[in-house]
Number of protein chains: 2
Amino acid sequence: MSAAFSSPNPNQNHLLAALPMDEFEPLSAQLELVMMPLGKMLYGPDEQLQHAYFPTTSIVSLHYILESGASAETASVGAEGVVGISLFMGGDTTSSSAVVQTSGHAYRLERRLVKAAFNSGGLLQKLLLRYTQSLLTQMAQTAVCNRHHSVEQQLCRSLLHTLDRIPDGELVMTQELLASLLGVRREGITVAAGNLQRDGLISYRRGHISVLDREGLEARCCECYGVVKRECARLLSDELYRQPLPVARR
Amino acid sequence: MSAAFSSPNPNQNHLLAALPMDEFEPLSAQLELVMMPLGKMLYGPDEQLQHAYFPTTSIVSLHYILESGASAETASVGAEGVVGISLFMGGDTTSSSAVVQTSGHAYRLERRLVKAAFNSGGLLQKLLLRYTQSLLTQMAQTAVCNRHHSVEQQLCRSLLHTLDRIPDGELVMTQELLASLLGVRREGITVAAGNLQRDGLISYRRGHISVLDREGLEARCCECYGVVKRECARLLSDELYRQPLPVARR
DNA sequence: TACCGTCTGTTCGTTTTCGTACAGACGGTC
DNA sequence: GACCGTCTGTACGAAAACGAACAGACGGTA
């Protein structure tokens, strides 16, 4: 496990890890390891994508920026997924942007290779389609949550989703960043986070948030977190996935 | 054109109309014309879908119902699309529901046939994937709109999207229905619609809304309507679509 | 150690939406 | 023509989030 930190490995991405040898092998030489620094924009609105990114230790936020400059996250992508689905879905561009929300690594694959791999129609195609379906669920639930739930509930949801992808429970994000992800004022986050800290669920200091009581956060969160998590598990963890994740490829 | 009303025709659905003869022919005998009465639920959460529906004159609303009973629309589907993408994306079910928002007709195709047609990989597969991408855009924009825009702006958006699918400009929907689609109170719709009527943009009476000034509505609407419309046009109206829609198949 | 930029905390009035309650009006049915 | 269910209009206080302004605190750098 500790080797995972010192030596990045494509198997850290769940989609890549699920591929059988004969599908992974031809891709592996083409996969390029890239650093994903916090704040880096992978693509902007209507920009031709050059690569698909398979995050391993990084988290990427998909969001839309309004003419006013305001923005809101519509979904986020970690090691369970891939950034750049429009490359194989057919549009090549999207109206949204993709920005690194948690720094780390990713493997990227050049545009034409993504399309070719998808069209060759093996397990990878199935996986990518299922992942896209889980992304739909995530966006739909974000829409519902934005309509009906409080800033505090949405903060819990965001923290939990991030936590699921950062096993050590130590999130590196300022309140300002959280606010821009959720599309609310920074002050709103200050108050909500203050309440959570007062009640012993989290603790934070200048850009670092530690989750102290995960169950507490879940109890305080709206149902949206669970809906997305269950649906992603269902779509991506059934018979398609039988390999334990971090272990060497058989 | 008037024949379109008296005799339902699969060509009224844009996806079906775009198919070349050799792909449409084997499907045509399997397409079942169904009436879509207002309020009919095509499927509920986690329910195994039995058919995909290709609307012609009907409009279907995809939405999520919270434990509290509140709900919110995440996307809507008319003649440009298909209801039941999880059949070919791989999940078979979704956490959302699909309900008829405007009564009319649709053609439905049995589950296995949908999967077979998708997997045979012709133009239909391309079309379905592109349509799914447009659905992603729609959901993402709904999330953003729910976060940042007023009830009145969202009402305009909803009316415009419906209007695009109901050419005669006479919408059959109560304020109660509109409220449940947008996930707001009925009173909020009363006020917003009252303002629009006062300013001469619409007129309504007991469940019937007439749009009097389309440009006015667009001016009053947020950018979200245009974003979705342009993106759908781009994804579904390029080289894949060259046939004029209502005309007989060549 | 002093400094300074960034991050966090707090305040206050404003706006929007919510929740609740009830009144009025339309239109189809008996 | 009277009735009644449904749809629409209005009002009022409560709650949530916003916008703007400013104070304080942390922590890296000079």
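Let me begin with a convention: axes are lines fitted to C-alpha atoms, for helices over the stretch in contact, and angles run from 0 to 180 degrees between N-to-C directions. What we have here is a predicted model, in which local features need pLDDT of at least 70 and side-chain atom pairs count only at pLDDT 80 or more, while totals for chains, interfaces and linings use all residues. Residues are numbered from 1 along each chain as its sequence is written, and chains are lettered from A, with ligands numbered from 1, in the order in which they are written.

I start with confidence, where pLDDT is the predictor's own score for each residue, from 0 to 100. Chain A averages 91, and 92% of the residues score at least 70. Among the elements of chain A (helices being DSSP runs of H or I of at least four residues, strands runs of E of at least two, numbered from the N terminus), the lowest mean pLDDT, 47, belongs to helix α1 (residues 2-6), and the highest, 98, to strand β3 (residues 51-55). Over residues 242-250 of chain A the score stays under 50. Where pLDDT is low, the predicted coordinates should not be read in detail.

Now to how the two copies are arranged. Chain B is superposed on chain A by a rotation of 180° with 0.0 Å of shift along its axis, at an RMSD of 0.0 Å, the fit being by least squares on the C-alpha atoms of residues with pLDDT of at least 70 in both. The copies are thus related as by a two-fold rotation axis, and in chain B the C-alpha nearest that axis is the one of Ala143(B), 1.8 Å away.

The interface itself involves 35 residues of chain B in contact with 35 residues of chain A, where contact means that the C-beta atoms of two residues, placed from the backbone, lie within 7 Å. On the chain B side, β5 (71-77), α4 (86-89), α6 (123-148) and α11 (224-236) each supply at least two residues, and α6(B) gives the most, with 17. By class, this side has 14 nonpolar, 15 polar and 6 charged residues, counting Ala, Val, Leu, Ile, Met, Phe, Trp, Tyr, Cys and Pro as nonpolar, Asp, Glu, Lys and Arg as charged, and the others, Gly among them, as polar. Since 100% of the interface residues of chain B are also interface residues in chain A, the copies meet through the same surface.

Turning to helix packing in chain B, α7 (residues 151-163) and α8 (residues 175-182) pack at an angle of about 105°, with their axes 11 Å apart. That makes α7(B) roughly perpendicular to α8(B), a label for angles of 65 to 115 degrees, with under 35 roughly parallel, over 145 roughly antiparallel and the rest oblique. Here Val151(B), Gln154(B), Leu155(B) and Ser158(B) of α7(B) meet Leu178(B), Leu181(B) and Leu182(B) of α8(B), which gives 5 nonpolar, 2 polar and no charged residues.

Finally, the DNA. Around strand C there are 19 residues, of which Thr174(A), Gln175(A), Ser150(B), Val184(B) and Gly188(B) come nearest; a residue is near a strand if its C-beta atom, placed from the backbone, lies within 6 Å of it. The surface near strand C takes the most from α9(A), with 5 residues, and divides into 4 nonpolar, 7 polar and 8 charged. Strand D is likewise surrounded by 19 residues, the closest being Ser150(A), Val184(A), Gly188(A), Thr174(B) and Gln175(B), and there the largest share, 5 residues, comes from α9(B).
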